Amino acid sequence: MFVQVAPSILSADFAELRQAVQSLENAGADAIHIDVMDGHFVPNLTMGPPIIAALRKYTKLPFDVHLMIERPENSLLAYRQAGADHITVHVEACTHLQRTLGMIRESGAQAGVALNPATSEQVLDYIVDDVDLVLVMTVNPGFGGQVFLPAMIEKIKRVREVLAKHGRRFVPIEVDGGITPSTAASCMSAGASILVAGSYVFSANTMAQAISSLRGK
Ligand code: DX5
Ligand code: ZN
């Protein structure tokens with residue numbers, strides 16, 4: 001299976017974000033994961049479209065924008081214009097989830113849906129044709145550096161089954177939170193193919209080595 005590593009700049013020094021995206025590109029990352037938090041959907045507050053637009057000029061890597069914000073439909077075009085290539089929204093943050101996913105696709109971005117640890121994969125039955133990726137949160141969203149929730153391994157398998165049942169087995173499953181080489185290996189065996197990692201990549205001595213060890217190399 002082809003695995004992609006999308007390091008999260010949430011763990012970068014926010015005064016050095018330009019350098020962070022350039023270093024990640026040089027270190028072999030496949031995409032840059034950008035955690036947008038609004039202080040409402042999650043207790044933390046991070047960055048928005050102006051910072052994403054400012055970073056856009058410094059890397060060719062796709063921007064995988066994870067919106068942990070309420071009512072994302074109100075601002076998703078601004079994220080797209082800022083340079084988002086994938087836009088992922090949370091089930092509980094959208095009043096009309098299917099419509100919001102359609103808006104993301106219409107904007108030209110890939111549409112992702114994020115499932116919190118306590119959100120059932122059954123929701124996928126109703127939106128499976130509207131998504132380009134499924135993000136399985138392996139921690140509760142809001143902060144970097146949390147501990148991986150082992151119960152999410154079974155969930156990844158169930159998400160795989162739901163996708164297969166609907167003939168959508170090529171939709172990638174992304175995992176986010178507490179990802180290290182060992183949790184990454186379990187997630188990949190369960191069917192995940194996009195690995196988000198923040199603290200593991202940014203606390204490593206060498207980013208390139210951290211990224212290849214996540215791939216299992
Ligand atoms: C959590 C974010 C994650 C987080 C991952 O709300 O969505 O992307 O930054 O960080 P680590 O890898 O440190 O758990
Ligand atoms: Zn994230």
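In the predicted model, the zinc ion (ligand 2) is bound by the protein donors H33 (NE2), D35 (OD), H66 (ND1) and D176 (OD), which lie 2.0 to 2.3 Å from the metal. Donors are N, O and S atoms within 2.8 Å of the metal (3.2 Å for Na, K and Ca); water is not among the atoms, so sites may look incomplete. The site has 6 donor atoms, with angles of 68 to 169° among them, and is octahedral (six donors, opposite ones over 155 degrees apart and all others between 65 and 115). Ideal angles for six octahedral donors are 90 or 180 degrees. Along the chain, the donors follow the spacing H-x1-D-x30-H-x109-D. D35 belongs to strand β2 (residues 32-37) and D176 to strand β7 (residues 173-176), so this pair ties together parts that are 141 residues apart in sequence. Both aspartates, D35 and D176, are buried (under 20% relative accessible area, against over 50% for exposed and partly exposed in between; 1.4 Å probe, protein chains only).

Residues are numbered from 1 along each chain as its sequence is written, and chains are lettered from A and ligands numbered from 1 in the order in which they are written. Because the model is predicted, local features need pLDDT of at least 70 and side-chain atom pairs count only at pLDDT 80 or more, whereas totals for chains, interfaces and linings use all residues; side-chain values use heavy atoms, with hydrogens and water left out.

An open sheet of 8 strands is arranged in the order β1-β8-β7-β6-β5-β4-β3-β2 with parallel pairing. Strands (E, at least two residues) and helices (H or I, at least four) are DSSP runs, numbered from the N terminus, and two strands pair if DSSP finds at least two bridges between them. β1 (4-7) and β2 occupy the edges with a single partner strand each, so one side of each is left without a neighbour in the sheet. β1 is joined by 4 bridges to the parallel strand β8 (residues 194-197), and V5 stands opposite L195 in β8.

Helix α4 (residues 97-106) contains the buried residues L97, T100, L101 and I104. These cover an arc of only 100° around the axis, which puts them on the same side of α4; the arc is that of the directions from the helix axis to the C-beta atoms. The buried residues pack against α3 (76-82), β4 (86-90), β5 (110-115) and α5 (124-127), with contact meaning heavy atoms within 4.5 Å. T100 has a relative accessible area of 2% and touches P72, E73, L76, V89 and C94, not counting residues up to four places away in sequence. The face turned away from the buried side carries the exposed residues R99 and E106. α4 is followed by G108, whose phi is positive, near 100°.

Terms used
Tetrahedral: all angles 85-135°; square planar, octahedral: opposite > 155°, others 65-115°.
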